[in-house]
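Student: I am new to this structure and would like a close look at a single part of it. Could you take me through its paired charges, and then set them within the whole?

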Amino acid sequence: MIETARLILRLPEPRDRAAQHAMWADPEVMAELGPVKDAVASDAALAKHDGYRHEGLGFWTVERKADGAVLGFCGLKRGDAHNPIAGEIEAGWIIDRPYWRQGYALEAMIAALDWGWGHFDTPRIVAITSVVNRKSQALMERLGMHRLAEGDFDHALIAEGDPLRAMVTYAIDRP
């Protein structure tokens with residue numbers, strides 16, 4: 001568990017499922033991230049992150065301290081085999097729409113990166129997003145990440161012609 005001034009980052013629990021399912025089913029939340037997910041696909045995403053736990057990775061539930069509200073899902077994982085950052089430590093986040101523009105993603109990811117530096121001997125942490133996802137790119141820059149010139153790629157699991165297929169890669173070097 002990681003605590004910040006306003007947040008708790010913790011392992012997902014069954015009580016989080018309804019909020020996470022609703023977040024992943026929201027077309028506005030998913031507009032620049034990928035297709036909306038039904039409950040089965042949401043559970044598969046959670047299970048995928050459980051698969052990283054043996055090495056201390058996998059995204060956490062983002063919970064607000066003040067009232068226990070589930071705000072999103074964030075953290076660190078291994079880069080997937082089908083993209084250029086395969087095997088590297090990858091940062092990622094998703095915050096539900098009612099909690100946008102309140103600094104929660106930044107606060108959570110500063111804590112996640114700090115945790116990552118303390119637990120892994122890696123020269124950098126990377127993040128990817130679609131070219132059209134300027135909000136995530138802006139957050140990456142606020143986190144101190146820089147866009148990798150050689151990091152642009154087409155996501156192999158996204159159909160040709162889909163505006164989310166073209167991806168960019170950002171990285172932050174070990175402090």
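Tutor: In this predicted model, the side chains of Asp 16 and Arg 10 meet in a salt bridge, with 2.7 Å from N to O. Are these two residues buried or exposed? Asp 16 is buried, and Arg 10 is buried as well. The pair also belongs to a wider arrangement, since a network of salt bridges links Arg 10, Glu 13, Arg 15, Asp 16 and Glu 63. As a general point, side chains of opposite charge can pair when their charged atoms come close.

From this network we can turn to other pairs in the protein, where the count of salt bridges comes to 18. One of them joins Glu 3 and Lys 65, whose closest N and O atoms are 3.1 Å apart. Glu 3 lies in strand 1 (residues 2-3), while Lys 65 lies in the loop between strand 3 (60-64) and strand 4 (70-78), so this salt bridge ties together parts that are 62 residues apart in sequence. Lys 65 has a relative accessibility of 35% and therefore counts as partly exposed, whereas Asp 16 and Arg 10 are both buried.

Another pair is formed by Arg 147 and Asp 152, and here the closest N and O atoms are 2.9 Å apart. Arg 147 counts as partly exposed because its relative accessibility is 40%, and Asp 152, at 41%, counts as partly exposed too. Taken over the protein, there are 20 positive and 26 negative side chains, and the centres of these two sets lie 3 Å apart.

To see where one member of the network stands within the fold, take Arg 15, which is linked with Arg 10, Glu 13, Asp 16 and Glu 63, and compare its position with that of Leu 157. The C-alpha atoms of Arg 15 and Leu 157 are separated by 30 Å, and the two residues are 142 residues apart along the chain. Leu 157 has its place in the loop between strand 8 (153-154) and strand 9 (166-173), and with a relative accessible area of 62% Leu 157 is exposed.

A second leucine offers a contrast in setting, for Leu 139 lies in helix 5 (residues 134-142) and counts as buried, at 5% relative accessibility. Which residues does Leu 139 touch, if those up to four places away in sequence are not counted? They are Trp 93, Ala 105 and Leu 106. Between Leu 139 and Gly 103, which are 36 residues apart in sequence, the C-alpha to C-alpha distance is 9.8 Å.

These parts can now be placed in the whole, which has five helices and nine strands and which follows, read along the sequence, the pattern β-β-α-α-α-β-β-β-α-β-α-β-β-β. The radius of gyration is 15 Å, close to the 16 Å that the globule rule gives for 175 residues, so the protein is as compact as a globular protein of that length. Along its principal axes, the C-alpha trace spans about 40 × 35 × 30 Å. Of the 175 residues, 52% are buried, and the protein exposes about 8400 Å², of which carbon and sulfur atoms supply 56%. Finally, among contacts with a separation of 6 or more, 62% are between residues 24 or more positions apart.

Terms used: Residues are numbered from 1 along each chain as its sequence is written. This is a predicted model: local features need pLDDT of at least 70, side-chain atom pairs count only at pLDDT 80 or more; totals for chains, interfaces and linings use all residues. Side-chain values use heavy atoms; hydrogens and water are left out. Helices (H or I, at least four residues) and strands (E, at least two) are DSSP runs, numbered from the N terminus. The radius of gyration is taken over C-alpha atoms; the globule rule is 2.2 Å times the number of residues to the power 0.38. Buried means under 20% relative accessible area, exposed over 50%, partly exposed in between (1.4 Å probe, protein chains only). Contact means heavy atoms within 4.5 Å. Accessible areas come from the Shrake-Rupley method with a 1.4 Å probe; for residues, only the protein chains shown count as cover. Lys and Arg count as positive and Asp and Glu as negative; His and the chain ends are not counted. The place of a charge is taken as NZ of Lys, CZ of Arg, CG of Asp or CD of Glu. A salt bridge is a side-chain nitrogen of Lys or Arg within 4 Å of a carboxyl oxygen of Asp or Glu.
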